[in-house]
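Biologist: I would like a close look at a single part of this protein, namely the nonpolar core and the strands around it. Please take me through that part in one connected account.

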Amino acid sequence: MKKLIYILSITCIAFFNVSATTILGDDDKNKPDDGKKVKVKRDDTTKFVINEENLGETPDTTQILFPSHDLYSTWDTSMAHPYNFNESFKVDSVVLTLIKDCDGAFSMPIKGLITSDFGWRRYRPHYGTDIDLNIGDQVVTAFDGMVRFAKYCQGYGNCVIIRHNNGLETVYGHLSKLMVEPGQSLTAGSILGLGGNTGRSTGPHLHFEMRYLGQALDTEDFIDYEKGELKSNEFTLRKTDVDTKYDLRALHSRHKRDVGYARKNGKGATNKYAKGRNYKIKAGDNLAKIAKRNHTTVKALCKKNGLKLSSKLKAGQRIKV
Ligand SMILES: [Zn+2]
């Protein structure tokens, strides 16, 4: 019965249209097809009709088209991120339809305070948004999609990765319990696991990522966490934004190089990276929380921003960290 549901779910999901529209740059318009625009007729390979004769047979899974198959060449259930964005992203930008009026929906994976943002965290990049929770809280999928990965791995702990029809993948880490398996199709809001503290984690929280072709994006660019809703039904991903906002390792190398250059030239104070990072205050924040999240001290924050311990913080206000 489980297999039957599995087969049917694959058949159903493959009938959805990929809702990503590529915007070609000037350079790309006259280029020969790079393969991304070749659309395979999904109907031909996904119609596995179950009848009395073939009941019990397994369809040829190599013929099954998984979500966003025309963007991804692989459906890897063993590795979390086997993709190379720079090799795969051949356009200047792509418009991702997140939800349509009558198709698809969005659910907050868990409602809670953000405890850590996307960005560089002292020694390593932090590719997700950390959301506070209690162990055992139900974590749900943000959008409709199919589970690609569901297992324990280093760093993420118990982790679920879901592929969506627009090419996005969402990642849910540090779970205490996995409740789905690869190949399972889920609608937005379906429970995928229970919140926990597994992997590289210093307290119960959900590590939530959004990725496109392996490139992690800042979920706060998609989601208004205070309202618990999407900022927009569409998201335009530009190559330039990846270079200037999302490619944390490249940015960090550039940062280190620039700071080094500035120090060498005695320009530290005027270098924009040397001035420190800005932090946007969120509802429920206080100086201690901000200091902990940014690996600094309350004293240093006060000094940098001319604040007192009694200073009131306003949500939306930016301070130096
Ligand atoms: Zn995290």
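Modeller: What follows begins with the model as a whole, moves to the strands and the core, and ends with two unusual backbone angles and the parts to be read with caution.

This is a predicted model, with a mean pLDDT of 79 for the protein and 73% of its residues at 70 or more. The protein has seven helices and 20 strands, and 27% of its 321 residues count as buried. Of the contacts between residues at least 6 apart in sequence, 67% join residues at least 24 apart.

The largest nonpolar core, which is the part you ask about, has 21 residues, and those with the most contacts inside it are Cys159, Val160, Ile161 and Tyr172. Two or more residues of this core come from each of E8, E9, strand E10 (168-175) and strand E14 (205-212). In soluble globular proteins, nonpolar side chains tend to be buried together.

Among these elements, E8 and strand E9 (residues 157-163) run antiparallel and are joined by seven bridges, with Phe149 opposite Ile161 of E9. The hairpin that E8 and E9 form has three residues between the strands, and Gly155 takes a positive phi near 85° in this hairpin. Strand E8 (residues 145-153) also pairs with strand E12 (residues 185-186), again in the antiparallel sense but over two bridges, and here Met146 stands opposite Ser185 of E12.

Val160 is a useful residue from which to follow the contacts. Leaving aside neighbours within four places in sequence, Val160 is in contact with Val147, Phe149, Ala150, Tyr172, Leu175, Leu178, Val180, Leu192 and Gly193. Apart from the core described above lies another core, of 19 residues, which includes Leu96, Phe118, Met210 and Ala216.

Two of the contacts of Val160, Leu178 and Gly193, are also bridge partners of each other, Gly193 being in E13. Strand E13 (residues 191-194) pairs with E11 in the antiparallel sense over two bridges, and an open sheet of three strands, with antiparallel pairing, has the order E7-E13-E11. Strand E7 (138-140) and strand E11 (177-178) each have a single partner strand and stand at the edges, so one side of each is left without a neighbour in the sheet.

Two residues deserve attention for their backbone angles. His174, found in strand E10, has a positive phi of about 70° although it is not a glycine, and His174 counts as buried because there are 29 C-beta neighbours inside 10 Å, where the cut-off is 20 or more. Leu213, in the loop between E14 and strand E15 (215-217), likewise has a positive phi, near 50°, in a residue other than glycine. With 21 C-beta neighbours inside 10 Å, Leu213 also counts as buried.

Finally, some parts of the model call for restraint. Over residues 1-50 pLDDT stays under 50, and the model has 67 contacts beyond four places in sequence for these residues. Over residues 267-275 pLDDT again stays under 50, with 13 such contacts beyond four places in sequence. Where pLDDT is low, the predicted coordinates should not be read in detail.

Note on methods. Residues are numbered from 1 along each chain as its sequence is written. This is a predicted model: local features need pLDDT of at least 70, side-chain atom pairs count only at pLDDT 80 or more; totals for chains, interfaces and linings use all residues. Helices (H or I, at least four residues) and strands (E, at least two) are DSSP runs, numbered from the N terminus. A residue is buried if 20 or more other C-beta atoms lie within 10 Å of its own, exposed if 12 or fewer, and partly exposed in between; C-beta atoms are placed from the backbone. Two residues are in contact if their C-beta atoms, placed from the backbone, lie within 7 Å. Two strands pair if DSSP finds at least two bridges between them. A nonpolar core is a set of buried Ala, Val, Leu, Ile, Met, Phe, Trp, Tyr and Cys residues joined through C-beta atoms within 7 Å. pLDDT is the predictor's confidence in each residue, from 0 to 100.
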